[in-house]
Amino acid sequence: MTAHPDPGRKLLADADARTRQLAANLDRVRTRIARAVADGPASRIPPTLIVVTKFHPAADVQRLVRLGVQDVGENRDQEAAAKAQDVGVPEDHPLRWHFIGQLQSNKAKSVVRYASAVHSVDRPAVATALGTAMRRAVDETGRDDLECFIQVNLGPAADVAAGRGGAAPADVLPLAALLADTPRLRLAGLMAVAPLAADPGQAFETLAGISASLVARFPSATGISAGMSGDLEQAIAAGATHLRVGSDVLGPRPGVG
Ligand SMILES: *Cc1c(COP(=O)(O)O)cnc(C)c1O
């Protein structure tokens, strides 16, 4: 049951082994997504699949583009900037780079050059820096605005205090107001990573609750970026609109566990 038009399929006959492997992995992930969507309410809109390419080379991004992938995610500016430069702008194919890692304000200028979306806005200084960078780079990037997701820390308060990424739930609405008021930033919604010690389904339900209170104030901020290789089904069940899937498409990350 592959309901997806796959522009890469035609090319597979003469594709390299890595491309065929990525195609097979992508098929499996897309099938899992389709099943999880089918298990939900009929009104459920299929989420956007962001393939997380961190630690994998630009050549893999090019292979993914040939396989029809339009959204890729990266978590470190230095690596992402170089990769985006290597890949360039594919002909006749939209490719969006999503920045999903912890962001320091001084990287904002670089990130806005290649990223269409930042999923990890977690404090006012980052929002302000992204707004300034967008306004300065508007001619360079050719983009009117930057999609911004507020990363929420769903772990214990100690995780927030330790700076492990993500705003405390109580800080979401003020940060959303700042994003909504900043020209060239578009408040897209929320992002979270399920805490290690928690049940992902429960964590994503908590996120959905915070999302509902965000949408009550900012009706267009309906995005929910949640779900990775290990928990995408639970994220879809909780209403995720964007999935960030790395290892189940690309395999284990080189040089990491
Ligand atoms: C690496 C990463 C992912 C992808 O994780 P996988 O388990 O490899 O699918 C998703 N979100 C964030 C924030 C990441 O850093």
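Colleague: What makes R63 and D60 a salt bridge?

Modeller: This is a predicted model, mind you. In it, the closest N and O atoms of R63 and D60 are 2.9 Å apart. The cut-off is 4 Å between a side-chain nitrogen of Lys or Arg and a carboxyl oxygen of Asp or Glu, so the pair counts.

Colleague: Where do R63 and D60 lie?

Modeller: Both belong to helix 2, residues 58-66, and they are three residues apart, about one turn of the helix. Searching the whole structure turns up 12 salt bridges.

Colleague: Why is K54 to the ligand called a polar contact?

Modeller: A polar side-chain atom of K54 lies 2.7 Å from a ligand oxygen. The limit for a pair of N or O atoms is 3.5 Å, so that passes.

Colleague: Which atoms of S229 and G246 come into play with the ligand?

Modeller: For S229, an N or O atom in the side chain is 2.5 Å from a ligand oxygen. G246 uses a backbone N or O atom, at 2.8 Å from an oxygen of the ligand. The protein covers 88% of the 390 Å² of accessible area the ligand has on its own.

Colleague: What sort of residues make up the shell around the ligand?

Modeller: Five nonpolar, three polar and three charged. V52, I100 and R253 are among the residues surrounding the ligand, and the space the ligand takes is the largest pocket.

Definitions and conventions:
Residues numbered from 1 in each chain as written. Predicted model: local features only at pLDDT ≥ 70, side-chain atom pairs only at ≥ 80, totals over all residues. Heavy atoms only, no water. Near = heavy atom within 4 Å. Polar contact = N/O pair within 3.5 Å; in protein donor to acceptor, adjacent residues only side chain to side chain. Areas by Shrake-Rupley, 256 points an atom, 1.4 Å probe, with all protein chains shown as cover. 1 Å grid on protein atoms, 1.4 Å probe; cavity = no way out; pocket = protein on both sides within 12 Å on 5 of 7 lines; lining within 4 Å. Sits in = over half its atoms within 2 Å of the grid points. Nonpolar A, V, L, I, M, F, W, Y, C, P; charged D, E, K, R; others polar. Helix = DSSP H or I, 4+ residues; strand = E, 2+ residues; numbered from the N terminus.
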